[in-house]
Amino acid sequence: MDLKEGVFKSDDPKKIARSVKHSAEESDRRKSSPYRAAMSMLTFYINRAGDQLTKKRRGTLEKAKDELRKDFGRQPKD
């Protein structure tokens, strides 16, 4: 999966979600659905960054998860 460099640094949740979705859909290596692969990428990044993430960054990435859910036709979490 080739993610665009610096995609997680974007301040636009929609842009992050689109990029991660595109990467998951194009991947030949994924073992699960594109939705699960994309969500895993985002979650993995958030978990790896841990305490290094500011509240604002974490909020943007959580919003990207909601955008990803919308892009895949799923309900956003409240």
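Is Glu-25 buried or exposed, and what is its relative accessible area? Glu-25 is partly exposed, at a relative accessible area of 37%. Here buried means under 20% relative accessible area, exposed means over 50%, and partly exposed covers the range in between (1.4 Å probe, protein chains only).

## Basis of the model

This is a predicted model, in which local features need pLDDT of at least 70 and side-chain atom pairs count only at pLDDT 80 or more, while totals for chains, interfaces and linings use all residues. Residues are numbered from 1 along each chain as its sequence is written, and side-chain values use heavy atoms, with hydrogens and water left out.

## Salt bridge in helix 1

The structure holds five salt bridges. A salt bridge is counted when a side-chain nitrogen of Lys or Arg is within 4 Å of a carboxyl oxygen of Asp or Glu. Side chains of opposite charge can pair when their charged atoms come close.

One of the five joins Glu-25 to Lys-21, with an N to O distance of 3.6 Å. Both residues belong to helix 1, which spans residues 13–26, and they are four residues apart, about one turn of the helix. Helices (H or I, at least four residues) are DSSP runs, numbered from the N terminus.

## Salt bridges in helix 3

Arg-69 and Asp-66 form a salt bridge through their side chains at 2.9 Å, N to O. The two are three residues apart in helix 3 (residues 55–71), so about one helical turn separates them. Arg-69 is buried, with a relative accessible area of 10%, whereas Asp-66 is partly exposed at 21%.

Lys-70 and Glu-67 also meet in a salt bridge, at 3.4 Å from N to O. Their spacing in helix 3 is three residues, so they too are separated by about one helical turn. In this pair Lys-70 is partly exposed, with a relative accessible area of 47%, and Glu-67 counts as buried at 14% relative accessibility.

## Positive surface patch

Lys-4, Lys-14, Lys-15 and Arg-18 gather in a patch of positive charge on the surface. Patch members have over 30% relative accessible area and no salt bridge, and like charges are joined within 9 Å. Lys and Arg count as positive and Asp and Glu as negative, with His and the chain ends not counted. The place of a charge is taken as NZ of Lys, CZ of Arg, CG of Asp or CD of Glu. Accessible areas come from the Shrake-Rupley method with a 1.4 Å probe, and for residues only the protein chains shown count as cover.

Within the patch, Lys-14 is placed in helix 1. Its relative accessibility is 46%, so Lys-14 counts as partly exposed.

## Leu-68 and Leu-42

Leu-68 is found in helix 3 and counts as buried, at 0% relative accessibility. Apart from neighbours within four places in sequence, Leu-68 is in contact (heavy atoms within 4.5 Å) with Ala-17, Lys-21, Ala-38, Met-39 and Leu-42. Lys-21, the salt-bridge partner of Glu-25, is thus named among the contacts of Leu-68. The C-alpha atoms of Leu-68 and His-22 are separated by 11 Å, with their positions 46 residues apart along the chain.

Leu-42 lies in helix 2 and likewise counts as buried, at 0% relative accessibility. Leaving out neighbours within four places in sequence, the contacts of Leu-42 are Phe-8, Ile-16, Leu-61, Ala-64, Lys-65 and Leu-68. Leu-42 and Val-20 are 22 residues apart along the chain, and their C-alpha atoms are separated by 7.7 Å.

## Pro-34 and Ser-23

Pro-34 lies in helix 2, which covers residues 34–49. At 22% relative accessibility, Pro-34 counts as partly exposed. Not counting residues up to four places away in sequence, Pro-34 touches Ala-24, Glu-25 and Phe-72. Pro-34 and Arg-57 are 23 residues apart along the chain, and 24 Å separates their C-alpha atoms.

Ser-23 lies in helix 1 and is buried, with a relative accessible area of 4%. From C-alpha to C-alpha, Ser-23 and Pro-76 are 21 Å apart in space, and they are 53 residues apart in sequence.

Terms used
Patches are made of residues with over 30% relative accessible area and no salt bridge: like charges are joined within 9 Å, nonpolar side chains (Val, Leu, Ile, Met, Phe, Trp, Tyr) within 5 Å.
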